[in-house]
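Please open the model in your viewer and keep the selection tool at hand, since each stop on this tour begins with something to select.

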Amino acid sequence: MEIILYRNTNVAGNFEEAIRASFPQITAYTSMTSFCTRLRHTPAQSAIIVLAAADEQELTTLISFRHLIEDSSIVLILPIKESVLLAKAHKLRPRFIGDLESGAHEVIAVIQKMLSREVELKEAEIGNDSVGFH
């Protein structure tokens with residue numbers, strides 16, 4: 001399963017370092033333009049997308065592109081957990097909402113759980129395929 005990170009160049013640098021240490025295969029974007037171009041050219045179906053919004057304005061911009069990531073598992077990182085931001089954040093239908101103040105350990109645990117769940121589902125599919133009717 002592909003892991004994609006979007007973060008503004010001004011935010012989440014330490015988050016990216018921690019996540020990259022746990023998931024070296026992650027693809028990171030620091031430009032909204034390059035991130036959206038990537039999603040338009042290669043849909044991120046069944047990917048884990050980690051979005052780090054710098055502020056309310058950037059969150060609003062990310063929401064406007066939600067059609068490009070609606071088939072993905074979204075992990076959203078907010079600058080702080082504030083009621084206005086949280087209300088907007090739910091428009092992205094994220095699997096998890098964290099914040100920069102809490103640190104990356106929760107986000108890493110959530111991604112690990114998502115990846116292990118994907119492996120379990122694939123193993124179950126393989127098991128079901130090998131059981132046939134004669």
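Begin by selecting Phe-35, Leu-39, Leu-51, Leu-62, Phe-65 and Ile-69, the residues that line the largest cavity. As you look at them, keep in mind that this is a predicted model. The space in this largest cavity is about 30 Å³, and the count of cavities of 30 Å³ or more comes to one. What kinds of residue make up the lining of the largest cavity: nonpolar, polar or charged? The lining consists of six nonpolar residues, with no polar and no charged ones.

Keep Leu-62 selected and show what lies around it. If you leave aside the neighbours within four places in sequence, Leu-62 is in contact with Tyr-6, Met-32, Phe-35, Leu-51, Ala-53 and Leu-92.

Now widen the view to the largest nonpolar core, which has 25 residues. Select Phe-35, Ile-49, Leu-51, Leu-59, Leu-62, Leu-76 and Leu-92, since these are the residues with the most contacts inside this core. To see where the core comes from, colour strand S1 (3-7), helix H2 (32-41), strand S3 (48-52), helix H3 (56-64), strand S4 and helix H4 (83-89), each of which gives two or more residues to it. Helix H2 provides the largest share of this core, with four residues. Apart from this core lies another, of 19 residues, and to find it you can select Phe-15, Val-50, Val-107 and Val-110, which are among its members.

The next stop is the largest pocket, whose volume is about 350 Å³. Of the 18 residues that line this pocket, select Asp-71, Ser-72, Ser-73, Ile-74 and Arg-95, which are the closest to its centre. Strand S4 (73-78) and helix H5 (105-130) are the elements that give two or more residues to the lining, and helix H5 gives the most, with five. How does the lining of the largest pocket divide into nonpolar, polar and charged residues? It divides into six nonpolar, three polar and nine charged residues.

Finally, turn to the salt bridges, of which the count comes to four. Select Arg-38 and Glu-2, whose side chains meet in a salt bridge with an N to O distance of 2.5 Å. Arg-38 lies in helix H2 and Glu-2 in the segment before strand S1, so this pair ties together parts that are 36 residues apart in sequence. Arg-38 counts as buried, at 13% relative accessibility, whereas Glu-2 is partly exposed, with a relative accessible area of 32%.

Move on to Glu-56 and Lys-88, which form a salt bridge whose closest N and O atoms are 3.2 Å apart. Because Glu-56 lies in helix H3 and Lys-88 in helix H4, the pair ties together parts that are 32 residues apart in sequence. Glu-56 counts as partly exposed, at 34% relative accessibility, and Lys-88 is partly exposed as well, with a relative accessible area of 22%.

For the last selection, choose Arg-7, Glu-16 and Arg-20, which are linked in a network of salt bridges. Within this group, the side chains of Glu-16 and Arg-7 meet in a salt bridge of 2.4 Å, N to O. Are Glu-16 and Arg-7 buried or exposed? Glu-16 is buried, with a relative accessible area of 13%, and Arg-7 counts as buried at 13% relative accessibility.

Technical notes: Residues are numbered from 1 along each chain as its sequence is written. This is a predicted model: local features need pLDDT of at least 70, side-chain atom pairs count only at pLDDT 80 or more; totals for chains, interfaces and linings use all residues. Side-chain values use heavy atoms; hydrogens and water are left out. On a 1 Å grid over the protein atoms alone, a cavity is a set of points where a 1.4 Å probe fits but cannot get out, and a pocket is an open set with protein on both sides within 12 Å along at least five of seven lines; lining residues have an atom within 4 Å of a point. Grid points are joined across faces, edges and corners, and a volume is the space filled by probe spheres set on the points. Ala, Val, Leu, Ile, Met, Phe, Trp, Tyr, Cys and Pro count as nonpolar, Asp, Glu, Lys and Arg as charged, and the others, Gly among them, as polar. A nonpolar core is a set of buried Ala, Val, Leu, Ile, Met, Phe, Trp, Tyr and Cys residues joined through side-chain atoms within 4.5 Å. Buried means under 20% relative accessible area, exposed over 50%, partly exposed in between (1.4 Å probe, protein chains only). Contact means heavy atoms within 4.5 Å.
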